[in-house]
There are 2 protein chains.
Amino acid sequence: MKNKVAISPETDPGVRSRIVEHAASLSPQQRKIADYCVAHMQEIPFLSVPELAERTGASEATVVRFCQRIGYTGYSDLKMALVDLIREEMNASSPASAGFESAAQDKDFLAAMARLEQQNIERTLDSIDRQTFSHVAASLFKADHIFTFGLGISAFLADYAAYLFTEYGMRSTCLATRYTSPREQLVALRPSDLVFAFSFPPYSRQTLEVLEEVGRKGVPTAVITDKPTAPAAALAKETLVVSSHGMSFNNATSAANVLLNALVLEIASRHQGETTDAISRINQILREQTYVVET
Amino acid sequence: MKNKVAISPETDPGVRSRIVEHAASLSPQQRKIADYCVAHMQEIPFLSVPELAERTGASEATVVRFCQRIGYTGYSDLKMALVDLIREEMNASSPASAGFESAAQDKDFLAAMARLEQQNIERTLDSIDRQTFSHVAASLFKADHIFTFGLGISAFLADYAAYLFTEYGMRSTCLATRYTSPREQLVALRPSDLVFAFSFPPYSRQTLEVLEEVGRKGVPTAVITDKPTAPAAALAKETLVVSSHGMSFNNATSAANVLLNALVLEIASRHQGETTDAISRINQILREQTYVVET
DNA sequence: TGCTAAATGAAATGAAAATTTCATTCAAGG
DNA sequence: CCTTGAATGAAATTTTCATTTCATTTAGCA
């Protein structure tokens with residue numbers, strides 16, 4: 001667990017209560033500072049002594065004396081307390097931060113892996129550019145045919161993506177390397193198509209070659225990768241970056257999965273008619289084939 | 001839901017897009033910094049140059065140079081941009097936007113999907129019986145050959161599982177239905193083998209038949225499914241239940257993924273020699289084949 | 001009025017951060 | 001093999017910040 005250095009809930013009454021507690025013993029200038037603090041608590045972590053002094057009309061010296069009066073060693077100390085608070089706030093909404101460090105130390109690999117993937121998902125959610133996201137969704141829907149591609153671990157994602165797109169009524173094929181090279185399969189590629197690649201470490205050279213060639217032909221490309229600086233990012237028209245921090249060499253793919261699922265949902269919501277039609281037809285087919293076991 | 005005080009990409013005019021934009025022109029060290037920034041955007045406002053340098057393994061000078069390369073005058077400038085963002089966020093969500101969030105979530109499929117999968121992972125973590133988990137891990141390692149099987153969406157999991165097991169030095173094959181039925185492929189099955197099935201709605205009848213037949217032969221079976229009452233659970237010797245609540249018909253598979261990754265980690269930790277040998281051999285092969293693009 | 005003690009800000013000091021300089025390393029191209 | 005230019009980190013420099021010192025002011029009080 002994290003070190004709450006010197007500010008454990010028991011010993012730290014909190015900035016606000018300290019101010020209230022010592023309100024009586026504050027000098028006029030210090031009071032102005034106190035008032036500003038309670039009114040703009042969230043601002044403090046980003047303010048320096050000179051700034052706060054300027055905003056309250058007091059001198060820098062008085063700001064520091066105020067901090068000491070209410071029980072901190074100085075302004076840095078008070079600020080740190082508030083920084084910790086704000087950090088807690090930020091992490092509070094995700095279950096991810098709960099106890100990753102401790103889990104990783106234990107032998108509970110399930111817990112460690114779970115926390116890790118929750119964090120990956122959280123980071124991805126924070127860092128995906130929504131505009132790019134929407135744009136990719138639109139491009140996917142617009143495309144005549146979506147060719148998905150990936151090698152190594154990324155192959156599973158490519159496969160899954162093609163499956164998903166098809167289920168949602170789009171035409172999609174995964175460029176498999178079973179019999180022919182992907183580039184052979186792309187000879188008939190048209191500008192109205194789209195190539196959707198997945199590139200995770202260890203980055204395959206072939207994926208980059210495909211992206212490069214397709215791009216040269218003027219066919220739209222999109223890539224899901226793990227870093228904005230990944231080699232594939234430079235070659236694709238659109239890049240979606242997902243967090244993929246792994247414990248070992250096997251990459252964490254949950255975030256990419258989430259992203260894919262979200263993409264098709266986005267598409268489905270924008271084009272209700274076409275997609276729900278496709279989905280219900282598929283469901284019906286499954287039933288007709290007695291594929292499904294009823295529950 | 002808690003107030004999320006974080007940088008949201010929609011309102012980010014600068015930092016992220018500047019990084020993506022200039023990604024190509026960044027030097028190796030600068031890339032490391034760029035990657036850290038996008039992955040830990042919320043941290044930056046609280047980090048100093050020395051701290052960031054230490055975390056990324058680059059020098060302080062390089063940190064500053066990175067900021068300048070992507071268009072800021074220096075680190076202070078970049079930090080200010082992020083501070084402004086965080087302040088905006090806080091002001092936007094602080095007042096009284098409790099109801100606003102749910103409305104916003106309706107349209108943010110990425111966020112919705114992310115929360116859903118995080119919950120699935122959380123629930124799985126809570127509900128998996130650790131003893132069964134360990135036992136399955138042991139059985140997998142003990143098996144001469146692991147046959148994985150799944151249909152529909154479960155096929156991807158089966159495929160991935162076979163891949164993972166192989167990477168970790170075990171023998172494993174996914175029973176594909178491309179040319180022959182799975183039952184044909186199982187004629188040579190021996191009691192020292194193991195069949196690992198995946199069964200998610202819509203439950204396929206074929207999966208149940210395979211499990212039943214294999215079980216009759218006295219060959220160990222394990223299944224990952226979504227409910228303890230799922231039809232496959234009754235037929236397999238070992239059952240691992242993962243939470244898989246989905247928004248639409250496409251099942252949420254993140255939890256199953258996490259479980260698989262955790263399983264191989266567990267196995268790897270118990271049998272260090274064999275697995276790490278296999279992994280390092282694989283890594284070497286990848287390098288020899290110039291498959292990998294170095295970064 | 002004159003004395004005292006707290007309060008205050010200007011400026012000095014000390015500390016840490018940010019930026020620049022410079023010598024070294026490294027890689028690409030002649 | 002040598003040259004050249006980019007990249008890099010160590011260290012110097014500059015800037016900014018936090019804290020302390022000190023002289024001045026102010027209010028309370030005999």
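Which elements of chain A and of chain B each supply at least two residues of the surface near DNA strand D? In this predicted model, chain A supplies them from α3 (49-56), α4 and α5 (75-92), while chain B supplies them from α2 (28-39) and α4. The surface near DNA strand D is thus a suitable place to begin, and DNA strand C can be taken up afterwards.

DNA strand D is surrounded by 20 residues. The closest are Val49(A), Gln68(A) and Tyr75(A) from one chain, and Ser27(B) and Arg65(B) from the other. The element that gives the most to this surface is α4(A), with 5 residues. In chemical character, the residues near DNA strand D comprise 7 nonpolar, 8 polar and 5 charged.

The next matter is which parts of the strand approach the protein. Among the atoms of DNA strand D within 4 Å of the protein, sugar or phosphate accounts for 68%, and bases make up the rest. Individual contacts illustrate the sugar and phosphate portion. A polar backbone atom of Val49(A) is 2.3 Å from a phosphate oxygen of DNA strand D. A phosphate oxygen of this strand also lies 3.0 Å from a polar side-chain atom of Thr62(B). Ser76(A) is placed beside another kind of atom: an N or O atom in its side chain is 3.0 Å from a sugar or linking oxygen of DNA strand D.

Attention may now turn to DNA strand C. This strand is surrounded by 21 residues, of which the closest are Ser27(A), Gln29(A), Arg65(A), Val49(B) and Tyr75(B). Of the atoms of DNA strand C that come within 4 Å of the protein, 68% belong to sugar and phosphate.

Three of the closest residues can be followed to phosphate oxygens of DNA strand C. For Gln29(A), the contact is made through the side chain, where an N or O atom is 2.7 Å from a phosphate oxygen. For Val49(B), a polar backbone atom is 2.4 Å from a phosphate oxygen. For Tyr75(B), a backbone N or O atom lies 2.6 Å from a phosphate oxygen. The elements that give two or more residues to the surface near DNA strand C are, in chain A, α2 (28-39) and α4 (60-69) and, in chain B, α3 (49-56), α4 (60-69) and α5 (75-93).

Within that surface, the largest share comes from α4(B), which contributes 5 residues. The residues near DNA strand C divide into 7 nonpolar, 9 polar and 5 charged.

Notes: Residues are numbered from 1 along each chain as its sequence is written. Chains are lettered from A and ligands numbered from 1 in the order in which they are written. This is a predicted model: local features need pLDDT of at least 70, side-chain atom pairs count only at pLDDT 80 or more; totals for chains, interfaces and linings use all residues. Side-chain values use heavy atoms; hydrogens and water are left out. A residue is near a molecule or strand if one of its heavy atoms lies within 4 Å of it. A polar contact is a pair of N or O atoms within 3.5 Å; within protein, one must be able to donate a hydrogen and the other to accept it, and residues adjacent in sequence count only if both atoms are side-chain atoms. Helices (H or I, at least four residues) and strands (E, at least two) are DSSP runs, numbered from the N terminus. Ala, Val, Leu, Ile, Met, Phe, Trp, Tyr, Cys and Pro count as nonpolar, Asp, Glu, Lys and Arg as charged, and the others, Gly among them, as polar.
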